[in-house]
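Work through the exercises below with the model open in your viewer. Each task is followed by a solution in steps.

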Amino acid sequence: MPLENMKAMLSKAAGDDYAIGAFNILDYNSTKAVVQAAEEANAPVIIQTSAKTVIFWGAAPIISWVRELAGSSSVPIALHLDHCKDLDLIKECIESGWTSVMIDASSKPFEENIALSRQVVQMARPKDVTVEAELGAIVGVEDDIHVKEQEAHLADPEQAIKFCVEVKPDCFAPAIGTAHGVYKGEPKIAYELLEEIATKTAVPIALHGGTGLADDVFKKCISLGCAKVNISTQLKYAFIDGFIAYHKAHNTEYNPLKVIDAQFHQLKAGIIEKIKLFGSAGKA
Ligand code: 13P
């Protein structure tokens, strides 16, 4: 199927208490793992690229392998640019065929965040590209964005309403206590804040920092309004661990295709598990 944007998939998910998995890909092999996992689970899925990954490969090769894999697939697939501060890169992705983008101006003062996010919505909407925008500061490292624990702050509910009224994002990422990367301790999720923001804004919420959250935390966040769940670090670990584990078990064999295949299967298994947990299996 041709790529689609996030609108229909998120509104169906939000209305039916499940969430779409958004998985950060690294290369062709990990993209293939996301697509085949979604097919096996018969689930809609979001292929997500960090700005760094787009800069590393270039937009053209990524869009070509994503279109090729999605074109021969029967499940709805969106291609989304994750946390991006750079309007030129956002523009390039929109023009190259990404169906969704995230503007992350959350480190800017509130009014500037609104202005920049609105600018991206104005750029994206005529091209039928959906937009995710962020408010508050999500702790951890994602791409080149580093937020220290002492700098992290949750989204303010009154600001969240004003932000969504003025920006009209298709998906909203308020900081609610989750973190990018590996959790050091038990995360303190602000469930009441999440519920208040989801109810008052009526915009599908993106749950960032998915790697390492407990199953019941995912389920509760989804029941309170998270319709998109981001998973990145898990794929980075599977990418490297899958490679190393195969080589350790067959250390005299130098067959790169077998190593790549082992990596693919490790990635795919973890993605299917998450898709099932998020309740999107069978919803394609
Ligand atoms: P993790 O790396 O913690 O899975 O977070 C992913 C994310 O939120 C990407 O924006």
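## Exercise 1: Salt bridges

E111 and K162 form a salt bridge through their side chains, with 3.4 Å from N to O. The model is predicted.

**Task.** Where in the chain do E111 and K162 lie, and how many residues apart are they?

**Solution.**
- Step 1. Place the acid: E111 is in helix 6.
- Step 2. Place the base: K162 is in helix 7, which spans residues 157–167.
- Step 3. Take the separation: the two are 51 residues apart, so the pair links distant parts of the chain.
- Step 4. Check exposure. E111 has 47% relative accessibility and counts as partly exposed. K162, at 34%, is also partly exposed.

**Task.** Which parts of the chain does the pair D16 and K283 tie together?

**Solution.**
- Step 1. Confirm the contact. The D16 and K283 side chains form a salt bridge at 3.2 Å, N to O. The cut-off is 4 Å.
- Step 2. Locate both ends. D16 sits in the loop between helix 1 (7–15) and strand 1 (20–24). K283 sits in the segment after helix 11 (256–278).
- Step 3. Conclude. The partners are 267 residues apart in sequence, so the salt bridge ties together parts separated by that stretch.
- Step 4. Add exposure. D16 is partly exposed at 42% relative accessible area. K283 is partly exposed at 32%.

**Task.** How many residues apart are E95 and K91, and in which helix do they lie?

**Solution.**
- Step 1. Start from the distance: the closest N and O atoms of E95 and K91 are 3.6 Å apart, and the two form a salt bridge.
- Step 2. Place them. Both lie in helix 5.
- Step 3. Read the spacing. They are 4 residues apart, about one turn of the helix.
- Step 4. Classify each end. E95 is exposed, with a relative accessible area of 54%. The limit for exposed is over 50%. K91, at 39%, is partly exposed.
- Step 5. Put the pairs in context. The count comes to 10 salt bridges. Salt bridges with shared partners also join K7, R125 and D170 into one network.

## Exercise 2: Parallel strands

**Task.** Are the residues of strand 4 buried or exposed, and which way does each point?

**Solution.**
- Step 1. Recall the pattern: side chains in a regular strand alternate between the two faces of the sheet.
- Step 2. Apply it to strand 4, residues 100–103. S100 and M102 point one way, V101 and I103 the other.
- Step 3. Check burial. All of these residues are buried.

**Task.** Which strands pair with strand 4, and in which sense?

**Solution.**
- Step 1. Take strand 3, residues 77–84. Strand 3 pairs with strand 4 in the parallel sense over 3 bridges. C84 has I103 as its bridge partner.
- Step 2. Follow the connection. The chain runs from strand 3 through helix 5 (residues 87–96) to strand 4, a right-handed β-α-β crossover.
- Step 3. Take strand 5, residues 130–135. Strand 5 runs parallel to strand 4, joined by 4 bridges. V101 stands opposite V131.
- Step 4. Follow the chain again. From strand 4 it passes through helix 6 (residues 110–124) to strand 5, and this β-α-β crossover is also right-handed.

**Task.** Which strand pairs with strand 5 over 4 bridges in the parallel sense, besides the one just treated?

**Solution.**
- Step 1. The partner is strand 8.
- Step 2. Find a facing pair: A133 is opposite F172 in strand 8.
- Step 3. Inspect the faces of strand 8, residues 171–174. C171 and A173 lie on one side, F172 and P174 on the other, and all are buried.

## Exercise 3: The ligand

**Task.** Which residues come nearest to the ligand, and how much of the ligand's area does the protein bury?

**Solution.**
- Step 1. List the nearest. Of 14 residues around the ligand, these are D82, G209, T211, S232 and T233.
- Step 2. Collect polar contacts to ligand oxygen atoms. A side-chain N or O atom of D82 is 2.7 Å away. For H208, a polar side-chain atom lies at 3.1 Å. S232 uses a backbone N or O atom, at 2.8 Å.
- Step 3. Account for the area. The ligand alone exposes 310 Å², and the protein buries 100% of that.
- Step 4. Name the strands. Strand 3 and strand 10 (226–231) each supply at least two residues of the shell.

Terms used
Residues numbered from 1 in each chain as written. Predicted model: local features only at pLDDT ≥ 70, side-chain atom pairs only at ≥ 80, totals over all residues. Heavy atoms only, no water. Buried < 20%, exposed > 50% of the residue type's maximum accessible area, 1.4 Å probe, protein only. Pairing = 2+ DSSP bridges. Right-handed = clockwise from strand over helix to strand, strands pointing away. Near = heavy atom within 4 Å. Polar contact = N/O pair within 3.5 Å; in protein donor to acceptor, adjacent residues only side chain to side chain. Areas by Shrake-Rupley, 256 points an atom, 1.4 Å probe, with all protein chains shown as cover.
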